[in-house]
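Subject: Handover of a structure, with notes

Dear colleague,

Please find below the structure that I am handing over to you. My notes on it follow directly after.

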Amino acid sequence: AERGVRADWNGVGATADGHEVKVVANVGSPADAQTAVDAGAQGVGLFRTEFSYLAADDEPDVPTQRAAYADVLRPFAGRPVVVRTLDAGADKPLSFLDMGVEPNPALGVRGVRVAFDRPEVLDRQLEAIAGAEADSGAEVSVMAPMVATAAEAAWFAERVRAAGLRRAGVMIEVPAAALSAREVLDAVDFVSIGTNDLAQYVFAADRMAGALATLNDPWQPALLRLIAQVGRAGAELGKPVGVCGEAAADPALGGVLAGLGVTSLSMVPAAVPAVGAALAAHPIDAFRRAAEAALATADPAAAREAARAALA
Ligand code: PEP
Ligand code: MG
């Protein structure tokens with residue numbers, strides 16, 4: 001077994017009856033990538049590229065970006081890695097992108113919205129990502145943050161393909177995108193649900209506000225219902241639906257998400273072995289029943305208990 005993989009998990013993401021659910025990691029640096037490999041991650045479901053930019057006073061040039069990305073991708077040669085394009089805005093300000101002062105930064109020009117104003121910044125990043133794919137041998141997909149509509153998803157996918165990259169996807173973290181999952185999925189190759197922001201926008205509750213943590217609980221049935229809608233659209237269209245928010249790191253929730261139609265779980269590297277082992281503990285039909293039971297509740301505590309009871 002690889003280092004870090006638990007004795008009760010064989011390192012292949014699947015339920016007890018062999019239904020595949022990829023167990024992959026969220027990373028932001030070369031050190032994270034190595035930690036993820038050591039933990040047994042099958043790939044990367046979210047590479048947050050903004051960390052390479054946040055320290056810089058000016059936009060890093062294409063060769064600098066290419067080298068920085070290749071350092072993160074190299075440990076995953078031959079494996080799938082989802083690279084997320086720059087997720088910045090007024091709350092994560094970048095000195096070279098002056099977006100102005102916004103009264104509601106979480107609702108402002110952030111994520112892919114920055115690229116609508118400054119497409120050349122996106123195109124340079126895509127050129128660097130394509131170069132890093134060639135340098136590293138990782139199987140790269142590219143996805144955009146904060147997409148709200150199918151038209152935005154199509155705009156992004158076209159630029160990704162124009163850059164010579166093969167797989168384009170978007171995050172589902174704006175409620176409108178979840179409600180349009182079928183149309184969004186039609187425009188791209190895959191989606192990945194960002195439960196941190198999706199919960200924040202569904203509950204109108206700042207994800208950083210400790211006092212609102214109960215609203216941002218990933219077991220909230222209203223959030224699970226939106227995830228189920230995206231999962232159904234993915235199954236109908238035969239396209240992958242990942243989860244890359246904190247929800248994916250909860251071993252008790254991982255199987256429930258699979259039962260809702262999620263096909264990959266991406267998490268902090270330390271959670272990989274426990275989530276992998278929890279997925280392997282029951283067949284997919286049991287997780288589907290647990291998901292149905294959780295969906296039929298009215299609050300997070302009841303959802304947790306209903307899923308636990310369904311699997312007992
Ligand atoms: C999310 O919003 O769930 C997500 C994975 O992205 P981030 O936490 O970087 O906003
Ligand atoms: Mg997000």
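The notes below begin with the chain as a whole and then turn to individual elements and residues.

Please bear in mind throughout that this is a predicted model.

Overall architecture

The chain has 14 helices and eight strands. Its radius of gyration is 19 Å, close to the 20 Å that the globule rule gives for 312 residues, so the chain is as compact as a globular protein of that length. The C-alpha trace spans about 55 × 45 × 35 Å along its principal axes. Half of the chain is enclosed by the burial criterion: 50% of the 312 residues count as buried. If one takes the contacts between residues at least 6 apart in sequence, 66% of them join residues at least 24 apart.

Strand E5 and its neighbours

Strand E5 covers residues 167-172, and five of its six residues are buried. Strand E4 (residues 139-144) runs parallel to E5, and four bridges join the two. Within this pairing, Val142 has Ala168 of E5 as its bridge partner. Between E4 and E5 the chain passes through helix H6 (residues 150-162), and the resulting β-α-β crossover is right-handed.

E5 is also joined by four bridges to strand E6 (residues 190-193), again in a parallel arrangement. Here Ile172 stands opposite Ile193 of E6.

The surroundings of ligand 1

Which residues surround ligand 1? The shell consists of Leu46, Arg48, Asp87, Glu173, Gly194, Thr195, Asn196, Asp197, Cys244 and Gly245. Strand E2 (44-48) and helix H9 (195-202) are the elements that give two or more residues to this shell. H9 provides the largest share, with three residues. Sorted by class, the shell has two nonpolar, four polar and four charged residues.

Helix H9

Since H9 contributes to the ligand shell, its own environment may be of interest to you. Seven of the eight residues of H9 are buried, so the helix is largely enclosed by the rest of the structure. The buried residues are Thr195, Asp197, Leu198, Ala199, Gln200, Tyr201 and Val202. Two of the names on that list, Thr195 and Asp197, also appear in the shell around ligand 1. The buried residues of H9 pack against E5, helix H7 (175-179), E6, helix H10 (221-237) and E7.

Two residues with positive phi

Most residues other than glycine have a negative phi. Two exceptions deserve a note.

Ala204 comes just after H9, in the loop between H9 and H10. Its phi is near 50°, a positive value in a residue other than glycine. Ala204 counts as exposed because it has 8 C-beta neighbours inside 10 Å, and the cut-off for that class is 12 or fewer.

Met146 lies in the loop between E4 and H6, and thus on the path of the crossover described above. The phi of Met146 is near 60°, which is likewise positive in a residue other than glycine. Is Met146 buried or exposed? Met146 is buried, because 23 other C-beta atoms lie within 10 Å, where 20 or more are required.

Two partly exposed positions

Val121 lies in helix H5 (residues 119-136). With 19 C-beta neighbours inside 10 Å, Val121 counts as partly exposed, since burial requires 20 or more. Leaving aside residues up to four places away in sequence, Val121 touches Glu59 and Ala115. Val121 and Ala132 are eleven residues apart in sequence, and their C-alpha atoms are 17 Å apart in space.

Asp250 lies in the loop between strand E7 (241-243) and helix H11 (251-259). Asp250 is partly exposed, because 19 other C-beta atoms lie within 10 Å. From Asp250 to Pro221 there are 29 residues along the chain, and the C-alpha atoms of the two are separated by 16 Å.

Yours sincerely

Terms used:
Residues numbered from 1 in each chain as written. Chains lettered and ligands numbered in written order. Predicted model: local features only at pLDDT ≥ 70, side-chain atom pairs only at ≥ 80, totals over all residues. Pairing = 2+ DSSP bridges. Right-handed = clockwise from strand over helix to strand, strands pointing away. Near = placed C-beta within 6 Å. Nonpolar A, V, L, I, M, F, W, Y, C, P; charged D, E, K, R; others polar. Contact = placed C-beta atoms within 7 Å. Rg over C-alpha atoms; globule rule 2.2 N^0.38 Å.
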